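Me: Got a fold to go through with you. Can we take it step by step?

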Amino acid sequence: MRLAEDIIISPLITEKSNDQIADGKYTFIVDVHATKTEIRHAVEKLFTVKVISVNTCNYNGKIKRMGVHIGPRPDWKKAVVKIDVSPGVQSYMEKGGRVASTSRRYKSNIEEFGVMQ
């Protein structure tokens with residue numbers, strides 16, 4: 001099992017990702033071998049938010065040239081994580097028909113989004 005700090009590499013800050021923050025979607029560069037479930041658990045652990053969905057996209061590294069030297073850039077993976085922007089007390093039915101509620105509170109945003117390295 002990998003650590004959450006090893007899965008989330010850095011935030012990806014672009015104009016589009018900044019516009020999506022209002023909808024509760026945050027964009028991260030993640031480990032190439034990380035699964036959606038591992039990304040979900042890492043974000044929930046690091047930022048104490050409730051993750052609703054995770055979308056990922058793999059990118060191949062481009063061939064770059066520096067003078068006479070030619071070589072590829074590394075492959076990378078992007079994850080768009082949607083969090084619950086209105087967390088509250090959730091209620092559900094237990095055995096016997098009793099109504100129970102969860103009292104765990106989550107944050108509604110990620111404050112340190114631009115500061116993470």
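Reply: Sure, a definition to begin with: contact means heavy atoms within 4.5 Å. Axes are lines fitted to C-alpha atoms, for helices over the stretch in contact, and angles run from 0 to 180 degrees between N-to-C directions.

Me: And where does helix H3 lie?

Reply: Helix H3 (residues 36-47) lies across S1, S2, S3 and S6. H3 runs at about 125° to S3. Helices (H or I, at least four residues) and strands (E, at least two) are DSSP runs, numbered from the N terminus.

Me: What's the model's status?

Reply: The model is predicted: local features need pLDDT of at least 70, side-chain atom pairs count only at pLDDT 80 or more, and totals for chains, interfaces and linings use all residues. Residues are numbered from 1 along each chain as its sequence is written, and side-chain values use heavy atoms, with hydrogens and water left out.

Me: How many helices and strands in the chain?

Reply: Three helices and eight strands. Along the sequence the pattern is α-β-α-β-α-β-β-β-β-β-β.

Me: What's the strand order in the four-stranded open sheet?

Reply: S1-S2-S6-S3, with antiparallel pairing. Two strands pair if DSSP finds at least two bridges between them.

Me: Which strands stand at the edges?

Reply: Strand S1 (8-11) and strand S3 (51-59). Each has a single partner strand, so one side of each lacks a neighbour in the sheet. Neighbouring strands here are turned by 30° against each other on average, direction ignored.

Me: How many bridges join S2 and S6?

Reply: Six, between S2 (residues 25-30) and S6 (residues 76-83), in the antiparallel sense. Thr27 has Val80 in S6 as its bridge partner.

Me: New topic. How many aromatic pairs?

Reply: Two. Rings of Phe, Tyr and Trp (its six-membered ring) pair if their centres lie within 6.5 Å; planes under 30 degrees apart count as stacked, over 60 as edge-to-face and the rest as tilted. Phe28 and Phe47 are stacked, 5.8 Å centre to centre with 20° between the planes. Phe28 sits in strand S2 and Phe47 in helix H3, 19 residues apart.

Me: Is Phe28 buried or exposed?

Reply: Buried, at 1% relative accessible area. Phe47 is buried too, at 5%. Buried means under 20%, exposed over 50%, partly exposed in between (1.4 Å probe, protein chains only).

Me: And which residues form the other pair?

Reply: Tyr59 and Trp76, stacked at 4.4 Å centre to centre, 15° between the planes. Tyr59 is in strand S3 and Trp76 in strand S6, 17 residues apart. Tyr59 is partly exposed at 29% relative accessibility, and Trp76 is partly exposed at 29%.
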